[in-house]
Amino acid sequence: MRGDITAQDVDAIVNAANSGLRGGSGVDGAIHKGGGPQILEECIVILNTQGKLPPGQAVITSGGNLKARHVIHTVGPIWRGGASNEEETLASAYRESLNLANQYDLKTVSFPSISTGAYGFPLDKAAPIAIKTAAEFLRGESSVQEITFCLFGVDAMDEFQKAMDAL
Ligand code: AR6
């Protein structure tokens, strides 16, 4: 679907965060702005206990003032031309977010298009990875019943639709 992920009424929305977990621009900024200071406070506790979040990993906080009950924070890869394991790291960001949703017994999860804004991952390469990783996850046993991609732009909608059709 096309929309603003901060308005999603789901068990968890996923944040395209950075390793520092202190907020930023893009969807990260929108989530912290909409969710209020509680999310940042929880991120800082996580940071103080386990250090910076490596790309491809995920952590979870409450949703603060958002409709979503939780925010899963993951870090996608910065696009460096494609030879630095970017594709596997992007798949891992989706997979680890879904693994965490399963650990928390969550049923509905909504994702933005991770890494395709400030981190520069080309949409036509990122969309098939997102769709394929989600589909593979849904084929296995887990609490997750519905995965939504909540996309901001027309370009993202086109590429995700193409990836769905190809699947
Ligand atoms: N709802 C849904 N999608 C959105 C929203 C929104 N409210 N806002 C932006 N997008 P980006 P990245 C889309 O840059 O590439 C941050 O500063 C946007 O159009 O948010 O993973 C972090 O702190 C794009 O398609 O994330 C990191 O430093 C997609 O979300 C860095 O940017 C991702 O764009 C992460 O970069």
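This passage describes the fold of a predicted protein model and the surroundings of its ligand. Residues are numbered from 1 along each chain as its sequence is written, and side-chain values use heavy atoms, with hydrogens and water left out. As the model is predicted, local features need pLDDT of at least 70 and side-chain atom pairs count only at pLDDT 80 or more, while totals for chains, interfaces and linings use all residues.

The protein chain holds five helices and five strands (DSSP runs, H or I of at least four residues for helices and E of at least two for strands, numbered from the N terminus). Read from the N terminus, the order of elements is β-α-α-β-β-α-β-α-β-α. The radius of gyration, taken over C-alpha atoms, is 14 Å, which agrees with the value near 15 Å for a compact globule of 167 residues (the rule being 2.2 Å times the number of residues to the power 0.38).

Turning to the ligand, 22 residues surround it, and N18, D28, S115, G117 and A118 come nearest (a residue is near if one of its heavy atoms lies within 4 Å). Helix 1 (26–35) and strand 1 (12–17) each supply at least two residues of this shell; the largest share, four residues, comes from helix 1.

Oxygen atoms of the ligand also lie close to N or O atoms of the protein. The separation is 2.7 Å for the side chain of N18, 2.8 Å for the backbone of S115 and 3.3 Å for the side chain of T116. The protein buries 88% of the 700 Å² that the ligand exposes when taken alone (Shrake-Rupley method, 1.4 Å probe).

Definitions and conventions. A polar contact is a pair of N or O atoms within 3.5 Å; within protein, one must be able to donate a hydrogen and the other to accept it, and residues adjacent in sequence count only if both atoms are side-chain atoms.
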